[in-house]
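This report is meant for a reader who meets the structure here for the first time. It goes from the helices and their packing to a few single residues.

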Amino acid sequence: MGIKPSYIKSIGTGLLERHETYFSNDYDDNKHAVSNLTTIESKDVRNRVAGYITRKVNTRRRR
């Protein structure tokens, strides 16, 4: 989808630092975790944060 806005990155990075055990490599699980841990009302923003987190988790596991 291209370059992510900085607010998506900052929300995703903050959630990963504070709640790393809640997230997995499955996008749907991460989507539900993001909606449970935050008060993001926009479905689009929630999905983009979940996608960013999923990508970060997957790249960490490949290393």
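## Helices and their packing

The buried residues of H3 pack against H1 and H2, and this description of a predicted model begins from that helix. H3 covers residues 43–62, and within it Val45, Arg46, Arg48, Val49, Ala50, Tyr52, Ile53, Thr54 and Val57 are buried. With 20 residues, H3 reaches 29 Å from its first C-alpha to its last, which is close to the 28 Å expected at 1.5 Å a residue.

Helix H1 runs over residues 6–18 and helix H2 over residues 27–37. The end C-alpha atoms of H1 are 18 Å apart, in agreement with the 18 Å that its 13 residues should span at 1.5 Å a residue. Ile8, Gly12, Gly14, Leu15 and Leu16 are the buried residues listed for H1, and what covers the buried residues of H1 includes H2 and H3.

The table sets out the two packings in which H3 takes part.

| Helix pair | Packing angle | Axis separation |
|---|---|---|
| H1 and H3 | about 60 degrees | 9 Å |
| H2 and H3 | about 125 degrees | 8 Å |

How are H1 and H3 placed to each other, given their packing angle of about 60 degrees? Angles from 35 to 65 degrees fall in the oblique class, and H1 and H3 are therefore oblique to each other. H1 passes H3 in a right-handed crossing. By class, the contact of H1 with H3 has 10 nonpolar, two polar and four charged residues. On the side of H1, the residues that meet H3 are Tyr7, Ile8, Lys9, Ile11, Gly12, Thr13, Leu15 and Leu16, while H3 contributes Val45, Arg48, Val49, Tyr52, Ile53, Lys56, Val57 and Arg60.

The packing of H2 against H3, at an angle of about 125 degrees, makes H2 oblique to H3 as well. H2 passes H3 in a right-handed crossing, and the residues of this contact divide into five nonpolar, five polar and two charged. From H2 come Tyr27, Asn30, Lys31, Val34 and Ser35, and these meet Arg46, Asn47, Val49, Ala50, Gly51, Ile53 and Thr54 in H3.

## Single residues

Is Lys31, a residue of helix H2, buried or exposed? Lys31 has a relative accessible area of 19% and is therefore buried, since buried means under 20%. Not counting residues up to four places away in sequence, Lys31 touches Arg46, Asn47 and Ala50, and these three residues are among those of H3 that meet H2.

Arg55 lies in helix H3, and at 61% relative accessibility it counts as exposed, because the cut-off for exposed residues is over 50%. Arg55 and Ser24 are 31 residues apart in sequence, and their C-alpha atoms are 10.0 Å apart in space.

Glu20 belongs to the loop between helix H1 and helix H2, and with a relative accessible area of 48% Glu20 is partly exposed. Which residues does Glu20 contact, leaving aside its neighbours within four places in sequence? They are Leu15 and Arg60; Leu15 is one of the buried residues of H1, and Arg60 is among the residues of H3 that meet H1. Between Glu20 and Ala50, which are 30 residues apart in sequence, the distance from C-alpha to C-alpha is 13 Å.

Note on methods. Residues are numbered from 1 along each chain as its sequence is written. This is a predicted model: local features need pLDDT of at least 70, side-chain atom pairs count only at pLDDT 80 or more; totals for chains, interfaces and linings use all residues. Side-chain values use heavy atoms; hydrogens and water are left out. Helices (H or I, at least four residues) and strands (E, at least two) are DSSP runs, numbered from the N terminus. Buried means under 20% relative accessible area, exposed over 50%, partly exposed in between (1.4 Å probe, protein chains only). Contact means heavy atoms within 4.5 Å. Axes are lines fitted to C-alpha atoms, for helices over the stretch in contact, and angles run from 0 to 180 degrees between N-to-C directions. Angles under 35 degrees count as roughly parallel, over 145 as roughly antiparallel, 65 to 115 as roughly perpendicular and the rest as oblique. A crossing is left-handed if the near helix is turned anticlockwise from the far one by less than a right angle, and right-handed if clockwise. Ala, Val, Leu, Ile, Met, Phe, Trp, Tyr, Cys and Pro count as nonpolar, Asp, Glu, Lys and Arg as charged, and the others, Gly among them, as polar. The expected span of a helix is 1.5 Å times one less than its number of residues.
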